[in-house]
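Trainee: Please take a close look at the aromatic ring pairs in this model. I would like the geometry, the cut-offs and the surroundings in one connected account.

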Amino acid sequence: MGSSPHYLCRHTPGDRVSVEQERLLLALDFGGTKLTAGLAASGERYWRAHRVVASPPDSNAQSDREIMMELARDLLASPSGVSFVQTAHAVGVSFGGPVDAARGLVLLSHHVPGWENFPLRDWLQNRFGVPVAVDNDANAGALGEHRFGAGQGYDSLMYITVSTGVGGGWILNGQPWRGADGMAGEIGHTVADPDGPLCLCGKRGCVERLASGPYIAQRACQWLREQPDRGRILRALAGHDLQAVTARLVAQAVAQGDDLAWEALEIAAWGLGVGIGNAANLVNPQCFVLGGGVTKAGERFWGVVRRTARRMALPEVHFDVVPAALGDDAPLWGAISLAEDLINTC
Ligand SMILES: [Zn+2]
């Protein structure tokens, strides 16, 4: 990457930066359906400013980048109530898709066209004139939860997000572990049931195929069609429109005692538990931090996840399974961590 801009530290290694000197960090999160930006000062754990916009339906990589630059300009210009130099010292980026973090390269997006092999780090460095680090959203989420959320105090953990897809990121020995190809943590495409339904990746019974939100909804919907006498509560919640069934409605129906909805959700919990138990046997982390919309499905869901994971793992393999603390902002706080590491290594 000979064309990569090189940045000199603003202070020499021997210099102590005065504690009064505020260092602002900009975090950007390119999600599949929304774009989020946050501004925080190094060492602080709240947003000085925060903006989120939905990605337009016909968006492409270029339009998403333009919207994100607007958000960033907006944040840096917004009055915070205290005086600060409105220039970020470093920028961290979470991207919803495969990323070569070492080269700051987006490999592609599964949701938005035009991202193939895009040098996002260099592109942003040229615009902001400060160091930039880019990682995928699962790794960023793991870092965010480790530094600021439910993963604090654990030296090794896996962060798993269960929503439209199922992704994961590792922290090992207190550091992100990205794998040789940057693909570590792809728990969504580990197989829980070799005889299960066909996954988009070509295998059968992947964790994602069993546990992601759209497949929970699809499964419930299919059973409602096949079993007209069942699922009364779920049908009512969906306004008797099968197209309106979502994973969130399935979870609501479970809370109200709908058996069909529970069977659809239980398969998701079981698949996720199998994936966690296998990962525990392989790597033996202290903790699994679970985030994403599907993990808000209630205690009954969590009970099956925990019991299945426990059953799959050897008795000598100990681990906690805990809910994420940062919600949808985990990748954004991870991006702040990436930016913080850039200025701290200076
Ligand atoms: Zn798969």
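Mentor: Trp115 is buried, with a relative accessibility of 1%; buried means under 20% relative accessible area, exposed means over 50%, and partly exposed lies in between (1.4 Å probe, protein chains only). The model is predicted, so local features need pLDDT of at least 70 and side-chain atom pairs count only at pLDDT 80 or more, while totals for chains, interfaces and linings use all residues. Residues are numbered from 1 along each chain as its sequence is written, and side-chain values use heavy atoms, with hydrogens and water left out.

Trp115 belongs to a cluster that ring pairs build from Phe30, Phe95, Trp115, Phe118 and Trp123. Two rings of Phe, Tyr or Trp (its six-membered ring) pair if their centres lie within 6.5 Å; planes under 30 degrees apart are stacked, over 60 edge-to-face, and the rest tilted.

Arg65 meets two members of this cluster. A charge sits over a ring if NZ of Lys or CZ of Arg is within 6 Å of the ring centre and within 35 degrees of the ring normal. The charged end of Arg65 lies over the ring of Phe118 at 3.7 Å from its centre, and Arg65 also lies over the face of Trp115, where the distance to the ring centre is 5.1 Å.

By the pairing rule, there are eight aromatic pairs. One of them joins Phe95 and Trp115: the centres are 4.8 Å apart and the planes meet at 70°, an edge-to-face arrangement. Why does this pair tie together parts that are apart in sequence? Phe95 lies in strand S4 (residues 90-95), whereas Trp115 lies in the loop between strand S6 (105-106) and helix H2 (120-128), so the pair ties together parts 20 residues apart. Helices (H or I, at least four residues) and strands (E, at least two) are DSSP runs, numbered from the N terminus. Phe95 is buried, at a relative accessible area of 2%.

Another pair is formed by Phe288 and Phe319; with centres 5.6 Å apart and planes at 85°, this pair is edge-to-face. Phe288 is in strand S11 (residues 287-291) and Phe319 is in the loop between helix H9 (299-312) and strand S12 (320-323), so far along the chain that the pair links distant parts, 31 residues apart. Phe288 and Phe319 are both buried.
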